[in-house]
Amino acid sequence: LSSILKGITLETHSMEKIGIVGEKGSGKSTLLKCILNTIDLEGGSVKIDNIEVRSINPKILRKVVSCIPKD
């Protein structure tokens with residue numbers, strides 16, 4: 001896991017739509033993978049509505065998180 005995300009905190013409001021933008025290699029894809037629980041974290045946690053993403057059914061998780069590919 002990239003150390004580029006070390007110490008990051010991201011909070012949003014319910015039903016809020018956000019965009020994650022940045023330079024190549026800045027951790028955008030890694031952050032999305034953390035949110036979707038497709039990579040193992042070396043530390044810390046990812047929560048949605050105060051629920052660990054690890055405990056959320058992947059099918060449900062993908063219904064609340066969407067991604068528009070860069071290409």
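What radius of gyration does the protein chain have, and what would a compact globule with 71 residues have? The protein chain has 12 Å, and a compact globule of 71 residues would be near 11 Å, so the chain agrees with that expectation. Keep in mind throughout that this is a predicted model.

**Whole chain**

Start with the entire chain in view. Along the principal axes, the C-alpha atoms fill a box of roughly 30 × 30 × 20 Å. Switch to a cartoon display, and two helices and two strands can be picked out. Following the sequence, their order is α-β-β-α. Helix 1 covers 28-35, strand 1 covers 47-48 and strand 2 covers 51-52, and helix 2 takes in residues 58-64.

Now turn on the surface. The chain exposes about 6200 Å², and carbon and sulfur atoms supply 52% of that area. Of the 71 residues, 17% count as buried.

For contacts, consider pairs with a separation of 6 or more: 40% of these contacts in the protein chain come from residues 24 or more positions apart.

Colour by charge next. There are 11 positive and 8 negative charges, and the mean positions of the two sets lie 6 Å apart.

**The nonpolar core**

Select L5, L31, C34, I35, L36, V46, V53, I56, L61 and V65 and show their side chains. These ten residues make up the largest nonpolar core. Which element gives the most to this core? Helix 1 does, with three residues. In soluble globular proteins, nonpolar side chains tend to be buried together.

**Before helix 1**

Move to the segment before helix 1, and select M15, which is placed there. M15 is not a glycine, yet its phi is positive, at about 65°. Is M15 buried or exposed? The cut-off for exposed is over 50% relative accessible area; M15 has 78% relative accessibility and therefore counts as exposed.

Stay in that segment and select G19. G19 is exposed, with a relative accessible area of 63%. Add I68 to the selection and draw a C-alpha to C-alpha distance: G19 and I68 are 9.6 Å apart in space, with their positions 49 residues apart in sequence.

G25 also lies in the segment before helix 1. Its relative accessible area is 63%, so G25 is exposed. Select I4 along with G25. Their C-alpha atoms are separated by 8.8 Å, and the two residues are 21 apart along the chain.

**Between helix 1 and strand 1**

Go on to D40, in the loop between helix 1 and strand 1. D40 is exposed because its relative accessible area is 70%. How far is D40 from K6, C-alpha to C-alpha? The distance is 14 Å in space, for a pair 34 residues apart in sequence.

**Between the two strands**

Centre the view on N50, found in the loop between strand 1 and strand 2. N50 has a positive phi of about 65° and is not a glycine. With a relative accessible area of 67%, N50 is exposed.

**Helix 2**

Finish at K59, a residue of helix 2. K59 counts as exposed, as its relative accessibility is 68%. Select P69 as well and draw the C-alpha distance from K59. The two residues are ten apart along the chain, and their C-alpha atoms are separated by 19 Å.

**A last selection**

To compare backbone angles, show M15 and N50 together. Phi is about 65° for M15 and about 65° for N50. M15 belongs to the segment before helix 1, whereas N50 sits in the loop between strand 1 and strand 2.

Terms used. Residues numbered from 1 in each chain as written. Predicted model: local features only at pLDDT ≥ 70, side-chain atom pairs only at ≥ 80, totals over all residues. Heavy atoms only, no water. Helix = DSSP H or I, 4+ residues; strand = E, 2+ residues; numbered from the N terminus. Rg over C-alpha atoms; globule rule 2.2 N^0.38 Å. Buried < 20%, exposed > 50% of the residue type's maximum accessible area, 1.4 Å probe, protein only. Contact = heavy atoms within 4.5 Å. Areas by Shrake-Rupley, 256 points an atom, 1.4 Å probe, with all protein chains shown as cover. Lys, Arg positive; Asp, Glu negative; His and termini not counted. Charge placed at Lys NZ, Arg CZ, Asp CG, Glu CD. Core = buried A, V, L, I, M, F, W, Y, C linked by side-chain atoms within 4.5 Å.
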